[in-house]
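Please look through the structure shown here slowly, from the whole chain down to single residues. The paragraphs below it are meant to be read with the model in view.

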Amino acid sequence: MDAIQQHMLDTYRAAQLAEPAPPPPGRHDRAVLRDLYHHWLTHPPARGPRDHSGPSSAPPSPSGV
């Protein structure tokens with residue numbers, strides 16, 4: 001079920017229960033993305049210690065091969 005079908009179903013249920021209709025899908029997308037971007041700017045992702053167990057972190061062999 002896509003967002004439009006879900007909205008139509010929710011609107012029908014709200015009308016049957018005499019409740020206010022839900023907002024249409026995508027109505028608050030810009031505000032949500034703006035808030036997420038602002039949160040990301042003020043709280044950058046933490047960079048923990050890197051895992052050095054991969055093959056690129058192995059010390060070079062004494063023979064150079």
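What follows is a walk through this model, which is predicted.

Beginning with the whole, the protein chain has 2 helices and 0 strands in its secondary structure. Of its 65 residues, 2% count as buried, and the accessible surface of the chain comes to about 6,400 Å², with 61% of that area belonging to carbon and sulfur atoms.

Helix α1 runs over residues 3-16, and its 14 residues reach 20 Å from the first C-alpha to the last, which is close to the 20 Å expected at 1.5 Å a residue. After α1 comes alanine 18, a residue placed in the loop between α1 and α2. Alanine 18 deserves a pause, for its phi is positive, at about 55 degrees, although the residue is not a glycine. Is this loop residue buried or exposed? Alanine 18 has a relative accessible area of 73%, and it is therefore exposed, since a residue counts as exposed when that value is over 50%.

The second helix, α2, covers residues 29-42, and leucine 33 has its place there. The relative accessibility of leucine 33 is 58%, so this residue, too, counts as exposed. Leucine 33 also belongs to a nonpolar patch on the surface, which it forms with Val32 and Leu36. Together, the three residues of this patch have about 300 Å² of accessible area.

Technical notes
Residues numbered from 1 in each chain as written. Predicted model: local features only at pLDDT ≥ 70, side-chain atom pairs only at ≥ 80, totals over all residues. Heavy atoms only, no water. Patch = residues over 30% accessible without salt bridge, like charges linked within 9 Å, V, L, I, M, F, W, Y side chains within 5 Å. Areas by Shrake-Rupley, 256 points an atom, 1.4 Å probe, with all protein chains shown as cover. Salt bridge = Lys/Arg side-chain N within 4 Å of Asp/Glu carboxyl O. Helix = DSSP H or I, 4+ residues; strand = E, 2+ residues; numbered from the N terminus. Buried < 20%, exposed > 50% of the residue type's maximum accessible area, 1.4 Å probe, protein only. Expected span 1.5 Å × (residues − 1).
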